[in-house]
Amino acid sequence: MNFPVEEKLDEIKRVLAENNSLVLTAPPGSGKTTCVPGALLDETWLKGKKIIMLEPRRIAARSSALFIASKLGTSVGDLVGYQVRLERKISSSTRLEILTEGLLTQRLIADPELSDVGLVIFDEFHERSLACDLSFALTLEVRRALRPDLRIMVMSATLDADEVSLHLGDAEIVRAEGRMFPVETRYLGDISVAGAVSKAIKETSGDILYFLPGEGEIRRAYDALESIGDIDILPLYGSLPKEEQDRVFKPSCLRKVILATSIAETSLTIPGITCVIDSGLMRVPRFSPVTGMSELVTLPLSRDRAEQRRGRAGRVQAGVCYRLWDEGAELARPAKMTPEILGADLCSLVLTSVSWGALSREDLPWLTPPAASAWDQATSLLKLLGALDDSGRLTKKGEKMS
């Protein structure tokens with residue numbers, strides 16, 4: 001199978017040979033994650049060093065490593081490896097390491113120069129998690145202060161490429177056009193889980209990916225669908241054991257209905273999916289200054305995230321996306337998801353920043369700077385807990401916490 005982004009590989013190689021930054025935009029399913037990193041391993045400017053690619057989720061890191069390794073004719077853990085929380089398949093021969101975002105931050109603290117790395121790729125950058133923004137700022141700081149030769153590439157289907165390019169120092173933008181297969185969008189309005197799945201079964205062929213906001217909704221949907229015969233109902237969420245998550249990739253003698261959280265939005269091709277049902281909801285953490293605690297809140301899905309979900313239906317053949325809201329209400333949804341850094345508890349971010357040596361929020365090159373009030377509140381709490389001294393530096397206790 002040829003992916004649309006493969007037509008841009010020569011241009012991507014040229015830009016990276018001449019510059020230390022690149023922004024790549026391409027539609028969902030165009031092959032950014034699976035084609036680009038492996039194609040760069042033999043470039044002369046890399047000088048035999050490693051490529052690190054960051055993924056927002058563990059299942060995406062694992063599945064991407066497996067697909068790329070297979071494409072290159074090797075096994076996971078050899079030329080291509082991955083590391084996620086509590087799981088590592090990397091050897092001395094690994095030159096493409098796929099990591100979840102928080103692990104790069106830990107690596108930078110341990111090895112600020114990234115001495116064995118020639119390129120860092122931030123995949124699915126539009127998600128803008130707290131860990132992503134922190135690791136992006138630290139990587140930019142490493143290049144500015146220690147490694148001017150370190151190359152950085154940002155990839156996404158839905159991001160403000162001009163904003164990111166400017167922040168990287170007027171980086172060149174490469175745009176790969178064309179979706180793998182067309183996806184028809186149908187608006188159903190408010191309809192039950194069983195009603196939506198029944199309609200999709202009658203009107204489409206292939207497996208179904210149903211996006212729900214959280215584990216609770218998935219469990220209730222599972223119960224509601226058990227009365228529908230001849231389907232294989234498979235849950236998919238972050239805390240599900242790895243073996244259960246991997247079931248969604250395996251063939252089934254029945255038509256699969258996969259009930260997933262946003263874990264399945266990006267960098268993940270599930271064989272057989274030709275239909276997406278989108279609840280139009282997402283669950284995200286939000287910090288309350290009043291209580292000093294974070295809580296999960298359910299919000300209307302932003303339009304860029306809806307486009308990501310829609311793209312899941314067109315990865316293997318022409319597909320259909322059912323949206324469980326009215327077409328007329330489309331523009332009332334937010335255009336983009338707010339970066340987590342603007343609504344999260346910043347204690348972990350401040351603690352890591354101070355570990356790095358950045359005592360002030362102005363000391364790092366943030367793409368979106370954290371709010372001064374949130375930074376100050378986190379700093380005050382860390383001092384109260386004994387993690388920071390009066391000057392804002394780490395105490396012995398703070399080092400252990402970090």
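Here a residue counts as exposed when its relative accessible area is over 50% and as buried when that area is under 20%, with partly exposed in between. All views show a predicted model.

**View 1. Leu86 is an exposed loop residue with a positive phi.**
Leu86 has a relative accessible area of 81%, so it passes the 50% cut-off and counts as exposed. Its place is the loop between E3 and strand E4 (87-89). The phi angle of Leu86 is near 70 degrees, a positive value in a residue other than glycine. Most residues other than glycine have a negative phi.

**View 2. Leu114 is a buried loop residue with a positive phi.**
Leu114 sits in the loop between H4 and strand E6 (117-122). Phi of Leu114 is near 45 degrees, again positive in a residue that is not glycine. Its relative accessibility is 0%, under the 20% cut-off, and therefore Leu114 counts as buried.

**View 3. The largest pocket has a volume of about 980 Å³.**
The pocket is lined by 35 residues, and the closest to its centre are Pro56, Arg57, Glu127, Ser262 and Pro285. Four elements each supply at least two lining residues: helix H3 (58-71), helix H4 (101-110), strand E14 (281-288) and helix H10 (303-311). Strand E14 gives the largest share, with six residues. By residue type, the lining of this pocket divides into 13 nonpolar, 10 polar and 12 charged residues.

**View 4. A salt bridge joins Glu97 in strand E5 to Lys50 in strand E2.**
The closest N and O atoms of Glu97 and Lys50 are 2.7 Å apart. Glu97 lies in E5 (residues 96-100) and Lys50 in E2 (residues 50-55), so the pair ties together parts of the chain that are 47 residues apart in sequence. Both Glu97 and Lys50 are buried. The two residues also belong to a network of salt bridges that links Lys50, Glu97, Arg107 and Asp116. A search of the whole structure finds 31 salt bridges.

**View 5. Glu18 and Arg14 form a salt bridge within helix H1.**
The side chains of Glu18 and Arg14 meet at 3.2 Å, N to O. The residues are four apart in H1 (residues 9-18), which means that about one helical turn separates Glu18 from Arg14. Glu18 is exposed, with a relative accessible area of 54%. Arg14 has a value of 34% and is partly exposed.

**View 6. Glu307 and Arg310 form a salt bridge within helix H10.**
The N to O distance between the side chains of Glu307 and Arg310 is 3.4 Å. Both residues lie in H10, three residues apart, about one turn of the helix. Glu307 is partly exposed, with a relative accessible area of 25%. Arg310 has a relative accessibility of 15%, so it falls under the 20% cut-off and counts as buried. Helix H10 also supplies at least two residues of the lining of the largest pocket shown in View 3.

**View 7. Leu381, Leu384, Leu385 and Met401 make a nonpolar surface patch.**
The area of this patch is about 380 Å². Leu381 has its place in helix H12 (residues 372-384). With a relative accessible area of 34%, Leu381 is partly exposed. That value passes the cut-off of over 30% relative accessible area for patch residues, so Leu381 can take part.

**View 8. Ala224 is a partly exposed residue of helix H8.**
Helix H8 covers residues 215-225, with Ala224 among them. The relative accessible area of Ala224 is 35%. Ala194 is 30 residues away along the chain, and the C-alpha atoms of Ala224 and Ala194 are separated by 6.2 Å.

**View 9. Val76 lies in the loop between H3 and strand E3 (80-84).**
Val76 has a relative accessibility of 24% and counts as partly exposed. Val76 and Val284 are 208 residues apart in sequence. In space, the C-alpha to C-alpha distance between Val76 and Val284 is 32 Å.

Key. Residues numbered from 1 in each chain as written. Predicted model: local features only at pLDDT ≥ 70, side-chain atom pairs only at ≥ 80, totals over all residues. Heavy atoms only, no water. 1 Å grid on protein atoms, 1.4 Å probe; cavity = no way out; pocket = protein on both sides within 12 Å on 5 of 7 lines; lining within 4 Å. Points joined across faces, edges and corners; volume = space filled by probe spheres on them. Nonpolar A, V, L, I, M, F, W, Y, C, P; charged D, E, K, R; others polar. Patch = residues over 30% accessible without salt bridge, like charges linked within 9 Å, V, L, I, M, F, W, Y side chains within 5 Å. Areas by Shrake-Rupley, 256 points an atom, 1.4 Å probe, with all protein chains shown as cover. Salt bridge = Lys/Arg side-chain N within 4 Å of Asp/Glu carboxyl O. Buried < 20%, exposed > 50% of the residue type's maximum accessible area, 1.4 Å probe, protein only.
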